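New to this one? Here is a quick tour, from the overall layout down to single side chains. Keep the picture open while you read.

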Amino acid sequence: MSKISPCLWFDGEAEEAAKFYVSLLPDSRIETIQKNTVDGPAGKAGSVLVVEFTLAGQRFMALNGGMRFEYTHAISLKIDCADQAEVDRLWDGLLSGGGQAERCGWLKDRYGVSWQIVPTALPKYLGGPDRDGAKRAMQAMMQMIKLDIAGLKKAYEWQLIIACSSTLAARPDRG
């Protein structure tokens, strides 16, 4: 278990948010719910104070702090996605109920938490050995809202496709 776990601050929505998050990812669960023992800034006695939960194997804490603070992109939660189906599922899930899509695979969920929904293939295209391909993939990504693996791949491999088709066109045996 990690010694460090992120704490997400909510205004009365800690349990609702934690349940929402654990519904989206495997290896996720609510661990404990701690209630307020007395009336205070975080709520009335008996209301939820803290929810400890595991999200895809990572421990988190959700705290009802008694007032709303806005989240920024200065800290976000990144999810590595194995394929486009996972990107699509998590993108749609996190946007459900009032989230906001942003550029380059970023979004804010209905609670205002910033997320990056990133295919595991992204570093292959942005950091691959073909520097021109990486530049094209970066330019393509900068135009995307939700990341599209096929679009990134096409941008990265564009020069190779043109070179191959030019070679084939030049061969007399290839009509």
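## The overall layout

Following the chain along its sequence, you meet the pattern β-α-β-β-β-β-α-β-β-β-α-α-α. That comes to 5 helices and 8 strands in the protein. Keep in mind that what you are looking at is a predicted model.

The protein has 175 residues, and 38% of them count as buried. Among contacts with a separation of 6 or more, 56% are between residues 24 or more positions apart. On the outside, about 10100 Å² is exposed, with carbon and sulfur atoms supplying 57% of that area.

## The four-stranded sheet

Strands of a sheet pair through backbone hydrogen bonds, and they can do so parallel or antiparallel. Here, one open sheet has 4 strands in the order 5-8-7-6, and its pairing is mixed. Strand 5 and strand 6 (100-101) stand at the edges with a single partner strand each, so one side of each has no neighbour in the sheet.

Take a look at how strand 5 meets strand 8: the two pair in the parallel sense over 5 bridges. Within this part of the sheet, Ile79 stands opposite Ile117 in strand 8.

## Strand 1 and its partner

Strand 1 (residues 7-10) is a nice one to follow by eye, as its side chains alternate. Leu8 and Phe10 point to one face and are buried, while Cys7 and Trp9 point to the other face and are not buried.

Which way does strand 1 pair with strand 4 (residues 58-64), parallel or antiparallel? The sense is parallel, and the pairing runs over 4 bridges. For Phe10, the bridge partner in strand 4 is Asn64.

## The nonpolar cores

Phe10 turns up again inside the protein. The largest nonpolar core has 30 residues, and Phe10, Tyr21, Phe53, Leu94, Trp115 and Ile117 are those with the most contacts inside it. Strand 1, helix 1, strand 3 (48-55), strand 4, strand 5, helix 2 (84-95) and strand 8 each bring at least two residues to this core. Helix 1 gives the most, with 6 residues.

Trp115 is worth a click. Leaving out residues up to four places away in sequence, Trp115 touches Tyr21, Leu55, Ser76, Leu77, Ile79, Leu94, Gly105, Trp106, Leu107 and Asp109. Another core, of 12 residues, lies apart from the largest one, and its members include Val118, Tyr125, Leu147 and Leu152.

## A closer look at Ser114

Ser114 sits in strand 8 (residues 114-119). Is Ser114 buried or exposed? Its relative accessible area is 1%, so Ser114 counts as buried.

The Ser114 side chain makes a polar contact with the side chain of His73, at 3.2 Å. His73 is also among the residues Ser114 touches, and the others are Thr72, Ile75, Ser76, Leu77, Leu107 and Lys108, again not counting residues up to four places away in sequence.

## Salt bridges

How many salt bridges does the structure hold? There are 7. In one of them, the side chains of Arg68 and Glu13 meet at 2.9 Å, N to O. This pair links distant parts of the chain, 55 residues apart: Arg68 is in the loop between strand 4 and strand 5 (77-81), and Glu13 is in the loop between strand 1 and helix 1 (14-22). Arg68 has 43% relative accessibility, so it counts as partly exposed, while Glu13, at 19%, counts as buried.

Another salt bridge joins the side chains of Lys19 and Glu15, at 3.3 Å, N to O. Lys19 and Glu15 both lie in helix 1, 4 residues apart, which is about one turn of the helix. Lys19 is partly exposed at 45% relative accessible area, and Glu15 is partly exposed at 23%. Elsewhere, Arg136 and Asp130 meet through their side chains at 3.8 Å, N to O. Of these, Arg136 counts as buried at 15% relative accessibility, and Asp130 is partly exposed at 28% relative accessible area. Finally, a network of salt bridges links Asp27, Arg29 and Glu31.

Technical notes:
Residues numbered from 1 in each chain as written. Predicted model: local features only at pLDDT ≥ 70, side-chain atom pairs only at ≥ 80, totals over all residues. Heavy atoms only, no water. Buried < 20%, exposed > 50% of the residue type's maximum accessible area, 1.4 Å probe, protein only. Polar contact = N/O pair within 3.5 Å; in protein donor to acceptor, adjacent residues only side chain to side chain. Contact = heavy atoms within 4.5 Å. Pairing = 2+ DSSP bridges. Salt bridge = Lys/Arg side-chain N within 4 Å of Asp/Glu carboxyl O. Areas by Shrake-Rupley, 256 points an atom, 1.4 Å probe, with all protein chains shown as cover. Core = buried A, V, L, I, M, F, W, Y, C linked by side-chain atoms within 4.5 Å.
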